[in-house]
Amino acid sequence: MTRRILLAAPGPGSYVQDVSRGPSFPGVPDQQPVFNVPGAVAALALALLFIHALRAIVLSDEADLEVLTYFAFVPARYGLPDTLFYLPGGFGPKLWTPVSYAFLHANWMHVIVNLVWLLAFGTPVARRFGSTRFVAFFAVTAAGGALAHYLSYPDALVPLIGASASVSGTMAAAVRFAFAPGAALSGRRAIFADHQPAGSLIENFTDRRVLVFVGAFFALNLLFAVGVSLPGADGAQIAWQAHVGGFVAGLLLFPLFDPVGKRQPA
């Protein structure tokens, strides 16, 4: 079974509390705890845990296989005529599986790794976007990962599962603003810095830290492409194309979800 586990290394810096404060922004509380997880991120994390616990503990193997059949992303649903294979569900799964696959995982290690990175990178992005935009962004980047996987394996019958494409998308979104002075990945965290206007994509790529971060992400996925696996992968293939699809979608579509807007040129 194809597994998607996000293994991109975190960017430089960490969440370090700083006593400095920036100006107030509409809709942003005057004081934000640095480690407070936004409700949308917490809800998604709990949903991922609950769904995997249900599959691992409650469902029989036969019932779990049926769940995969209806909710995992299977490229052959789109790439092969129905007369060559049979998957139940009709047209419906063609609509929802490009997103629903992100809520299924291969094992506990898979879901925990994705949760760690979702909490790390989803938190600043959700604080900036707000709950509704963040959930929509999670879904859109999942679909971006599914599209990249489909373009790579249009006739594949092996199901694709895991939230790594969406987590990759949140990493890309964080790149667009979180290296700014005082922001989440700058090394010195200021409370309101994540709500400053973002630079353009071209401006982002003039920042050496952004280039290092993006380069590390693609280098790691290149290792997956040549067959390097991870502890707990159990020999399963890592769908690196889906990681890349989610990341690229996050980079390019960030402005559509960002309520703060662009930084004005000096």
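**Aromatic clusters, salt bridges and a nonpolar surface patch**

Ring pairs link F129, F137, F177, F254 and F257 into a cluster in this predicted model. Across the whole structure, a search returns 15 aromatic pairs. A pair of aromatic rings is described by the distance of the centres and the angle of the planes. Within the cluster, F129 and F137 form an edge-to-face pair, with 5.3 Å from centre to centre and 80 degrees between the planes. Both partners are enclosed by the protein: F129 is buried at a relative accessible area of 2%, and F137 counts as buried because its relative accessibility is 0%, where the limit for burial is under 20%.

Another member of the cluster, F177, also takes part in a contact with a charged side chain, since the charged end of R128 is placed over the ring of F177 at 4.7 Å from its centre. R128 is itself buried, with a relative accessible area of 3%, and this arginine additionally forms a salt bridge with D258, in which the closest N and O atoms are 2.8 Å apart. D258 belongs to the segment after α10 (240–257), whereas R128 lies in helix α5, so the salt bridge ties together parts of the chain that are 130 residues apart in sequence. D258 likewise counts as buried, at 11% relative accessibility. R128 therefore has one contact with a ring, that of F177, and one with a carboxylate, that of D258, while being buried at 3% relative accessible area.

A further aromatic pair is made by F73 and Y101, whose ring centres are 6.1 Å apart and whose planes stand at 50 degrees, so that the pair is classed as tilted. The two residues come from distant parts of the chain, 28 residues apart: F73 is in the loop between α2 (61–71) and α3 (76–79), and Y101 is in the loop between α4 (92–100) and α5. Both rings belong to buried residues, as F73 has a relative accessible area of 3% and Y101 one of 0%. Helix α4, which precedes the loop that holds Y101, has G92, P93, T97, P98 and S100 as its buried residues. These buried residues of α4 pack against α2, α3 and α6 (131–152).

The whole structure contains 3 salt bridges. Besides the one between D258 and R128, the side chains of R55 and D64 meet in a salt bridge with an N to O distance of 2.6 Å, and both of these residues are buried. The side chains of R209 and D207 form another, at 2.9 Å from N to O. In that pair R209 counts as partly exposed, at 27% relative accessibility, a value that lies between the limits of 20% for buried and 50% for exposed residues.

A long-range relation that involves helix α10 is found at H243, which is located in that helix. H243 and A148 are 95 residues apart in sequence, yet their C-alpha atoms are 8.5 Å apart in space. H243 counts as buried, with a relative accessibility of 0%.

On the surface, L46, L49, F50, L54, I57, V58, W108, I112 and V116 make up a nonpolar patch of about 880 Å². Helices α1 (39–58) and α5 (108–129) each contribute at least two residues to this patch, and the largest share, 6 residues, is supplied by α1. One of the patch residues, V58, is found in helix α1 and counts as exposed at 58% relative accessibility. Helix α5 thus contributes to the nonpolar patch and also carries R128, the partner of D258.

Taken as a whole, the protein chain comprises 10 helices and 2 strands, which follow one another from the N terminus in the order β-α-α-α-α-α-α-β-α-α-α-α. Of its 266 residues, 48% count as buried. Among contacts in the chain with a separation of 6 or more, 82% are between residues 24 or more positions apart. The chain exposes about 12200 Å², and carbon and sulfur atoms supply 68% of this area.

Methods: Residues are numbered from 1 along each chain as its sequence is written. This is a predicted model: local features need pLDDT of at least 70, side-chain atom pairs count only at pLDDT 80 or more; totals for chains, interfaces and linings use all residues. Side-chain values use heavy atoms; hydrogens and water are left out. Patches are made of residues with over 30% relative accessible area and no salt bridge: like charges are joined within 9 Å, nonpolar side chains (Val, Leu, Ile, Met, Phe, Trp, Tyr) within 5 Å. Accessible areas come from the Shrake-Rupley method with a 1.4 Å probe; for residues, only the protein chains shown count as cover. A salt bridge is a side-chain nitrogen of Lys or Arg within 4 Å of a carboxyl oxygen of Asp or Glu. Helices (H or I, at least four residues) and strands (E, at least two) are DSSP runs, numbered from the N terminus. Buried means under 20% relative accessible area, exposed over 50%, partly exposed in between (1.4 Å probe, protein chains only). Rings of Phe, Tyr and Trp (its six-membered ring) pair if their centres lie within 6.5 Å; planes under 30 degrees apart count as stacked, over 60 as edge-to-face and the rest as tilted. A charge sits over a ring if NZ of Lys or CZ of Arg is within 6 Å of the ring centre and within 35 degrees of the ring normal. Contact means heavy atoms within 4.5 Å.
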